[in-house]
Amino acid sequence: MSASAEMPYFIKPSVNLKQEEKKEAYENAALEIKAVLDGETDPILKMVTINCILKTKLPYYYWVGFYLVRDGKLSVGPYQGTLGCLHIEFGTGVCGRAAAEGKTQLVADVHVLAQGKDHIACDPNSSSEIVVPVFDKNKDLIAVFDVDSTLINSFDEVDQQYLETILAEQFEV
Ligand code: SME
């Protein structure tokens, strides 16, 4: 089952930011994440907090969350947004590709991808996305971090750079 095109009352469509606004929002979010998670060791608490702070500060974040590596596939973990798919195979969709390659995926327009193979449409409102692999201190993949926007072209190298840094600081320790 996947979400319908109608947005629930508590979810808003995305608003893109200018480059300078985006950098400032990430700087603020990174500082808040560091402060709130100072001394925290529980990875689930970290994921919940990262989702909340980033979604609050970045208005183009429509769906944000983690898919966890479980029994050789990805299973949905902490997220904020409309109903997410429960399980994703390595190599399938954008999340599965990020997991299989261990590399960040930037997709300007998910609608041009082969649906069901290169992209999994959990919610038809998603139009662009970034997926960042999450590693532990042994450099083992523990999750992927997925952000979707209702607009095309919301994510770029600025998102990639900040997210890779934030996730490494929290999970590769
Ligand atoms: N976008 C993902 C599926 C997960 S949802 O967007 C929550 C993908 O194609 O990997």
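**A walk through the sheet and the ligand site**

Reader: I'm just getting my bearings here. In which helix does I33 lie?
Author: Keep in mind that we're looking at a predicted model. In this model, I33 falls among residues 19–36. That stretch is helix 1.

Reader: And is I33 buried or exposed?
Author: The relative accessibility of I33 comes out at 1%. Buried means under 20%, so with its 1% I33 counts as buried.

Reader: How far apart in space are I33 and I166, C-alpha to C-alpha?
Author: I166 belongs to helix 4, residues 157–171, while I33 is part of helix 1. Along the sequence, 133 residues separate the two. In space, going from C-alpha to C-alpha, the distance is 8.2 Å.

Reader: I166 has come up now, so how far is I166 from A30 in space?
Author: I166 is itself buried, because its relative accessibility is 5%. In sequence, I166 and A30 are 136 residues apart. Their C-alpha atoms, though, are separated by 6.6 Å.

Reader: Let's move to the sheet. What is the order of its strands?
Author: The sheet is an open one, made of six strands with antiparallel pairing. Its edges are strand 3 (87–88) and strand 4 (105–107), each of which pairs on one side only. Reading across, the order is 3-2-1-6-5-4.

Reader: How many bridges join strand 1 to strand 6?
Author: Strand 1 covers residues 63–70 and runs antiparallel to strand 6. One place to spot the pairing is G65, whose bridge partner in strand 6 is D146. The number of bridges joining strand 1 and strand 6 is six.

Reader: Over how many bridges do strand 5 and strand 6 pair?
Author: Strand 5 spans residues 128–135, and its pairing with strand 6 is antiparallel. Among the matched residues, V134 has A143 as its bridge partner, and F135 stands opposite L141. The bridge count for strand 5 and strand 6 is eight.

Reader: Which residue takes a positive phi in the hairpin of strand 5 and strand 6?
Author: Five residues sit between the two strands of this hairpin. The phi in question is near 65 degrees. The residue that takes it is K139.

Reader: Which residue of strand 5 does V107 stand opposite?
Author: Strand 4 and strand 5 run antiparallel, with three bridges joining them. In that pairing, the residue facing V107 is E129.

Reader: Which residues of strand 5 are buried on the side of E129?
Author: Strand 5 is mostly covered, with eight of its eight residues buried. In a regular strand, side chains alternate between the two faces of the sheet. On one side of strand 5 the buried residues are S128, I130, V132 and V134. On the other they are E129, V131, P133 and F135.

Reader: How many residues of strand 6 are buried?
Author: Strand 6 takes in residues 141–149, nine of them, and is mostly covered. The number of its residues that are buried is seven.

Reader: Now for the ligand. How close does a polar side-chain atom of D148 lie to an oxygen atom of the ligand?
Author: Other polar atoms come into play too: a backbone N or O atom of V94 is 2.9 Å from an oxygen atom of the ligand. A side-chain N or O atom of E129 also lies 2.9 Å from a nitrogen atom of the ligand. For D148 and the ligand oxygen, the distance is 2.6 Å.

Reader: How much of the area that the ligand exposes when taken alone does the protein bury?
Author: The space taken by the ligand is the largest cavity. Taken alone, the ligand exposes 310 Å². The part of this that the protein buries is 98%.

Reader: Which element gives the largest share of the shell around the ligand?
Author: The surrounding residues include W63, Y67, G93, C95, H119 and D146. Strand 1, helix 3 (93–101) and strand 6 are the elements that give two or more residues to this shell. The largest share, three residues, comes from helix 3.

Reader: One last stop: which side chain does T82 join in a polar contact of 2.5 Å?
Author: T82 sits in the loop between strand 2 (73–80) and strand 3. With a relative accessible area of 7%, T82 is buried. The side chain at the other end of its 2.5 Å polar contact belongs to D123.

Note on methods: Residues numbered from 1 in each chain as written. Predicted model: local features only at pLDDT ≥ 70, side-chain atom pairs only at ≥ 80, totals over all residues. Heavy atoms only, no water. Buried < 20%, exposed > 50% of the residue type's maximum accessible area, 1.4 Å probe, protein only. Helix = DSSP H or I, 4+ residues; strand = E, 2+ residues; numbered from the N terminus. Pairing = 2+ DSSP bridges. Near = heavy atom within 4 Å. Polar contact = N/O pair within 3.5 Å; in protein donor to acceptor, adjacent residues only side chain to side chain. Areas by Shrake-Rupley, 256 points an atom, 1.4 Å probe, with all protein chains shown as cover. 1 Å grid on protein atoms, 1.4 Å probe; cavity = no way out; pocket = protein on both sides within 12 Å on 5 of 7 lines; lining within 4 Å. Sits in = over half its atoms within 2 Å of the grid points.
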